[in-house]
Amino acid sequence: MTVLGLGAMGRALAGAFLDNGHPTTVWNRTDGKSAELAGRGATVAATVADAVAASPIVVICVLDYDAVSDVLRGFSASGIPGRPAGILVGRTLVNLTNGTPRQAHEMARWAATHGANYLDGGIMAVPPMIGSTGSLVLYSGSPEVFTAHERTLAALGTSTHLSADVGRASLYDIALLSAMYGMFGGFFHAVAMVNSEKVPATEFTPLAVSWLTAMITSLPAMAKAVDSGDHSATDSNLRMQALAYVNLLEASRDQGVSTELVEPMRALLNRGVAANRGNGDLSGLIDLLHTSPVRNLRTDDLLHSDSVGDNESTDFGSE
Ligand code: FVH
């Protein structure tokens with residue numbers, strides 16, 4: 001194995017390969033991050049080319065795709081004098097750097113022009129989890145290439161190959177991060193609310209955990225509603241929630257808490273009411289995310305009216 005990039009994640013990845021008995025070569029842009037891995041048996045390469053030449057599988061995990069480009073820019077398919085040519089031919093490049101589906105497709109094309117196999121991956125774990133079964137690594141790209149290296153990659157945790165579409169792993173990665181940041185954003189706002197009355201976060205948090213745990217159980221039913229297009233089944237209709245949400249905003253302002261995290265949901269709830277989805281489930285809002293808000297209407301009129309517009313492209317951001 002070769003691991004390019006020895007940040008917190010790269011070091012964890014290299015450590016997991018070593019723990020599983022894989023001879024591992026490591027490289028990092030700057031010095032000072034390889035000593036502990038060297039002590040555990042890793043070979044420290046002086047150059048990227050040396051590191052790549054050392055192994056059939058090259059894992060790269062750096063800050064972002066610009067950094068990936070910086071690391072790999074020296075490689076030339078054409079054999080320009082002074083640059084390593086052909087080093088990547090026949091090797092498998094596994095890119096676990098966070099990025100977008102478009103970047104994954106571009107990277108796959110780049111790898112193909114250099115004769116390398118390419119897998120793109122998304123790590124759903126933090127560094128201390130790497131190597132445990134709780135660490136999920138998502139892969140996309142050629143199923144044959146994944147199968148060939150599946151056992152080796154299992155050193156990092158639970159591997160899941162999603163699709164031959166090389167952008168799929170980053171799509172899932174970004175989607176899962178979106179869900180995570182939504183949860184964190186809600187929690188941050190909630191803690192700021194109780195903090196405004198000097199309630200310690202640690203006192204409040206067990207209630208938040210228990211409430212969020214209960215609410216998470218509604219996600220599979222919401223997913224079913226999205227897939228069927230039928231959002232009619234609900235005990236908590238959208239219009240009721242849109243009205244209650246006004247209190248959330250008013251209370252925040254009264255408590256001196258910024259509404260920056262919670263305003264966007266208000267706009268979407270209002271768009272849902274305007275799109276005649278008020279009697280249905282909250283999951284109906286997901287459909288609206290495929291359309292853009294385009295015109296302004298008065299929120300209160302719509303929330304308190306039975307006859308609402310049928311335009312799904314409505315923005316209530318500026319009441
Ligand atoms: N750590 C985490 O919790 C998350 C978990 C999920 C996956 N992410 C993604 O993993 C990628 C690497 O993250 P990281 O935690 O290792 O990040 P850092 O500790 O900040 O290390 C960054 C490494 O990237 C190297 N680097 C940065 N810019 C360049 C460049 N222009 N050329 C070459 N290398 C570069 C940096 O090198 P150095 O500063 O030590 O020389 C580190 O090796 C990331 O995509 C996360 O989103 C982590």
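In which pocket does the ligand sit? The ligand sits in the second largest pocket. The coordinates are those of a predicted model, in which local features require pLDDT of at least 70, side-chain atom pairs count only at pLDDT 80 or more, and totals for chains, interfaces and linings use all residues. Residues are numbered from 1 along each chain as its sequence is written, and side-chain values use heavy atoms, with hydrogens and water left out.

**View 1. The ligand in its pocket.** The ligand occupies the second largest pocket. On a 1 Å grid over the protein atoms alone, a pocket is an open set of points where a 1.4 Å probe fits, with protein on both sides within 12 Å along at least five of seven lines; a molecule sits in a pocket if more than half of its atoms lie within 2 Å of the grid points of that pocket. The elements that contribute two or more residues to the shell around the ligand are α1 and α4 (65–72). Helices (H or I, at least four residues) and strands (E, at least two) are DSSP runs, numbered from the N terminus. Of the 22 residues around the ligand, those that come nearest are Asn28, Arg29, Thr30, Lys33 and Asp70; a residue is near a molecule if one of its heavy atoms lies within 4 Å of that molecule.

**View 2. Polar atoms around the ligand oxygens.** A polar side-chain atom of Thr30 is 2.7 Å from an oxygen atom of the ligand. Backbone polar atoms also appear in this view: one of Met9 lies 2.9 Å from a ligand oxygen, and one of Gly7 lies 3.1 Å from a ligand oxygen. Taken alone, the ligand exposes 900 Å², of which the protein buries 74%. Accessible areas come from the Shrake-Rupley method with a 1.4 Å probe.

**View 3. The salt-bridge network of Asp19, Glu36 and Arg40.** These three residues are linked in a network of salt bridges, where a salt bridge is a side-chain nitrogen of Lys or Arg within 4 Å of a carboxyl oxygen of Asp or Glu. Arg40 and Asp19 meet through their side chains at 2.8 Å, N to O. This pair links distant parts of the chain, 21 residues apart: Arg40 lies in the loop between α2 (35–39) and β3 (43–44), and Asp19 in helix α1 (residues 8–19). Between Glu36 and Arg40, the closest N and O atoms are 3.4 Å apart. Asp19 is exposed, with a relative accessible area of 59%, whereas Arg40 is partly exposed at 37%; buried means under 20% relative accessible area, exposed over 50%, and partly exposed in between (1.4 Å probe, protein chains only).

**View 4. The salt bridge between Arg277 and Asp287.** The closest N and O atoms of this pair are 3.2 Å apart. Because Arg277 lies in the loop between α11 (263–274) and α12 (284–288) and Asp287 in helix α12, the salt bridge ties together parts that are 10 residues apart in sequence. Arg277 is buried at 18% relative accessibility, while Asp287 is partly exposed at 22%. The structure holds 8 salt bridges.

**View 5. Thr92 and His149.** Thr92 belongs to strand β5 (residues 92–95) and is buried, at 2% relative accessibility. The side chains of Thr92 and His149 are joined by a polar contact of 3.0 Å. A polar contact is a pair of N or O atoms within 3.5 Å; within protein, one must be able to donate a hydrogen and the other to accept it, and residues adjacent in sequence count only if both atoms are side-chain atoms.

Notes:
1 Å grid on protein atoms, 1.4 Å probe; cavity = no way out; pocket = protein on both sides within 12 Å on 5 of 7 lines; lining within 4 Å.
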